[in-house]
Amino acid sequence: MSNTETDTEANDSLITTDVETGSNERSMTTDATAVAARDLNVFYGDEQAIDGVSMEIPENRVTALIGPSGCGKSTFLRCVNRMNDMIEVCRVEGDVEFGGKNVYDSDVDPVALRRKIGMVFQKPNPFPKSIRDNVAYGLKIQGYDGDVDERVEESLKGAALWDEVKDQLGSSGLELSGGQQQRLCIARAIAPDPEVILMDEPTSALDPVAASKIEDLIDDLAEEYTVIIVTHNMQQAARISDRTAVFLTGGRLVEYDDTTKIFEDPEEQRVEDYITGKFG
Amino acid sequence: MATDNTNAGGFGEVSRVRGIAFEYLSLGASVIGLVALGVLLVYVTIDAFDLANASPEWLLTYFLTLVVPFLAFCLYSASDPEVTRRALSALGGGLVAVAALFTAIETFVAPIPRLSWQLAYLFVVAMPVTAYLTYIGSRGRAGGVGFGLVGRLVGGAAIGLAVGTLFLVFDSLVWFLAYTLGVVPAAALYAYGRRRSVNWAMTAAVPVGLVGLVAAVFLRGVIVTYPSDLIIYVWTLAIPVAIAGGLVVADRGSRLAGAATGGVPLAVAVAGGFLAGGFGVPGPTALIVLVTVGVPTAVYLHRVIDEGDGLVGLALPVLLVGGALVGALVVEAWGVPAPDPWLDASFVTEAPSRTAEDAGLYPAIVGSVIIIALVAVLSFVLGVGTSVFLEEYTPESGILGSLTRLIQVNIANLAAIPSVVYGLLGLGLFANLLGFGLGTAVTASLTLSLLILPITIISAQEAIRSVPDDLRRGSDAMGATRWQTTKNVVLPEAFPGILTGTILALGRAIGETAPLIMIGAATTVFSAPASLFSRFSAMPMQIYAWANFPQAEFRYGVVAAGVITLLIILIGMNGTAILLRNRAERGS
């Protein structure tokens, strides 16, 4: 499956053929590609973390990346907004296209790129500032000249947090519970209105109730944003994602298809073994 | 062993002898350290206040009026941190503010000659315009990002400088006219325009003010009779400060409280200004100090009373001052012979002398304060800059990474270099090569800044390193540039730690003697330094000189008084910095 995509030239046609095989809740007929990887290789020093991955991630869909630890899913996620640049030993080969432009081209400013791509981390990391300042952070650094308070309210509503914090916008973001902090981080990510939201195991540090709230939220977010989520939780991937990519050891993309297909009838035996818990 | 007798004697025993021995050894070490320091302090205090010669009645009186209420207060407040906090900030803040203001006015304002017109133009026109533009920038229109705090700082400093220059450049009579004809009508117009939202009034305020300023300059020669200095200060300074304080309080709550907040300190200050002449203090200085300290105190008091938290804490300053007064009255009425303390008002306000009775520390105190203020600014700016660069901007691997590590190791080594060597460096570099002069305040400040720079850098680096990487990544992922991440996330989070390191380093700088000897600082000067380039002495230098005097009164009494003064100033300075740090910690 992963190999068939590399030789296509027109993205749309490929997606449409994929879509015909899938049966998903969101209609898949008008998909455009948001992010596309072409023959991507990533090395940490001498060690290869991603090995020749090519995939196309559709717009306004939730795409889940699953696989055992150390298989390169988080690395792939960090390639999209070039957060790998922060790691000095990291070397990237191949293309990652976003909005029709290779983000690794020399004329791309990674800081400007990250302003179009929101990111939510595994451990909630609100800044030690007030709730309002946390959400307004992206607006502040980008020199937003509209009504900041209005945008903060919209974002908190978008992250399903407004009702819980509307009376304490001035208190510190660190006073919230873990699940609220993670939703605050989501509000922070969506405040500057990005096109894509990357989530790196956003619920793994949360209790099940808080996690399910985040899952509901992700479902809503896909109305407006392209969501790419890394998760260790197979049920979560099955519940919330439209497309699922399975990475296995060595950083290889083994199978990438509609979620229902992956979980009901995977092509590869290894994927079935992994999903049913026989290894990994 | 445990498996052998599980059934017989429970689970057996685990030896704790070494742990217990270690615990008591640690206790012993700390007790020895604290007791040694305590004994030293007690001896010095007894010498400084001449308590050894005090009569038992005198000691008993003050024990009852001063020590007992103080201990009772400590016992009462020990359980309530809020009370302790209030007491400390009221006492420390008040002491530090009054002392700092007096010193600042006497050292910086009084001796500086009138500035030239070119400089005045720079301060009065160029700086406010810059400030205004920066302020606009901080609103996000002109400059965009990063001007918030910086803009407010620069703007505030520029306006402050401009107002200060007005005082210096115009004599007070021109300032009086300019204020009456320009500032007051302009402010009144602006306030009227704001309140009634009349736009022309607000627009007209600026030209009216300018016309008033120009008219004042021309009328200066024409008008002959002027009110006295004191009345000018009341009209141009005390009243506006009082109004500002009153407005702040009125904004929070009742108008009555606002009027009281402005009016009471104003009345006290005016009374103080007129009465000050009788005590040998210049009237205008007393007025300025009383009003600039009194109004903020009243605003603070109002807030504490309003909140009701830790109200009792404010009793401590009252207890101490009241206790001392009552003690003095009782001693006076009883006719008990009072001891003659070495540390009294004249000791801190007068110049050194040949006789022990007349010896004073004033020039050395001023010298130390000027030096330490400069050192604080220099070492903070340089130290934070270096540590931010080393921690946030240098790569960790490769040739540059190795170079960084080399620099790090060498900075750590610099912290271990004896201070005499820094003194030599200061002598060669600042005094001779750059020509700042032997034993001048600026040479001393630069030398001492270099001396504590390694400590500041290392502690600031530790503080910056302890900011979780999660926060940096979070900010980076939002599309923040490195500078934005550093400014908005790293520095605010590291600020309390940076401040702690700087405080410790400053404590070392204020007590240094060896480098001052090397750069040729005088052991004794008889007047406070008038500028940064004049000869000065510092407290430790003066104490060191006294310790070598042949007369026993110097070696025992005067030195002890000097040590206590040095300690009090050090504690006041550190206390202020710690309060600032705690505030920053609570803010985050």
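Two strands count as paired if DSSP finds at least two bridges between them. The exercises below apply this to a predicted model, and then turn to helices, cores and the contact of the chains.

**Exercise 1. Describe how strand E9 and strand E10 of chain A are joined, and state whether E10(A) is buried or exposed.**

Step 1. Strand E9 (residues 243-248) and strand E10 (residues 252-258) of chain A pair in the antiparallel sense, over 6 bridges, which satisfies the requirement of at least two bridges.

Step 2. Within this pairing, Leu248(A) has Arg252(A) of E10(A) as its bridge partner.

Step 3. The two strands form a hairpin with 3 residues between them, and in the turn Gly250(A) has a positive phi of about 95°.

Step 4. Because 6 of the 7 residues of E10(A) are buried, this strand is largely enclosed by the rest of the structure.

**Exercise 2. Work out the order of the strands in the open sheet of 4 strands in chain A, and find which are the edge strands.**

Step 1. The order is E2-E1-E4-E5 (chain A), and the pairing is antiparallel.

Step 2. Strand E2 (47-58) and strand E5 (101-102) of chain A are the edge strands, since each of them pairs on one side only.

Step 3. Strand E1 (residues 33-44) and strand E4 (residues 90-98) of chain A pair over 8 bridges, in the antiparallel sense, and here Ala36(A) stands opposite Glu97(A) in E4(A).

**Exercise 3. Describe the packing of H5(A) against helix H8 of chain A, giving angle, distance, handedness and residues.**

Step 1. Two packed helices are described by the angle between their axes and the distance between the axes.

Step 2. For H5(A) and helix H8 (residues 178-190) of chain A, the angle is about 35° and the axes are 6 Å apart, while the crossing is right-handed.

Step 3. On the side of H5(A) the contact is made by Ile131(A), Asn134(A), Val135(A), Tyr137(A) and Gly138(A), and on the side of H8(A) by Leu184(A), Ala187(A) and Arg188(A).

Step 4. Sorted by class, this contact has 5 nonpolar, 2 polar and 1 charged residues.

**Exercise 4. Which residues touch the most other members of the largest nonpolar core, and which helix gives the largest share of this core?**

Step 1. The core has 148 residues, of which Val80(A) and Ile197(A) touch the most other members.

Step 2. Helix H16 (residues 441-465) of chain B contributes the largest share, 15 residues.

Step 3. A second, separate core has 17 residues, among them Ala269(B), Val289(B), Leu290(B) and Val295(B).

Step 4. Leaving aside residues up to four places away in sequence, Ile197(A) touches Gly118(A), Val120(A), Ala189(A), Ile190(A), Leu221(A), Tyr225(A) and Val227(A).

**Exercise 5. Decide whether Ala522(B) is buried or partly exposed, and place this residue in chain B.**

Step 1. Chain B has 21 helices and 0 strands, and Ala522(B) is found in the loop between helix H19 (514-518) and helix H20 (539-547) of this chain.

Step 2. A residue needs 20 or more other C-beta atoms within 10 Å to be buried; Ala522(B) has 19 such neighbours inside 10 Å and therefore counts as partly exposed.

Step 3. Not counting residues up to four places away in sequence, Ala522(B) touches Gly439(B), Arg535(B) and Ser537(B).

Step 4. Ala522(B) and Ala545(B) are 23 residues apart in sequence, and their C-alpha atoms are 9.6 Å apart in space.

How values were computed:
Residues numbered from 1 in each chain as written. Chains lettered and ligands numbered in written order. Predicted model: local features only at pLDDT ≥ 70, side-chain atom pairs only at ≥ 80, totals over all residues. Core = buried A, V, L, I, M, F, W, Y, C linked by C-beta atoms within 7 Å. Buried ≥ 20, exposed ≤ 12 C-beta atoms within 10 Å, placed from the backbone. Contact = placed C-beta atoms within 7 Å. Axes fitted to C-alpha atoms, helices over the stretch in contact; angles between N-to-C directions. Left-handed = near helix turned anticlockwise from the far one by under 90°. Nonpolar A, V, L, I, M, F, W, Y, C, P; charged D, E, K, R; others polar.
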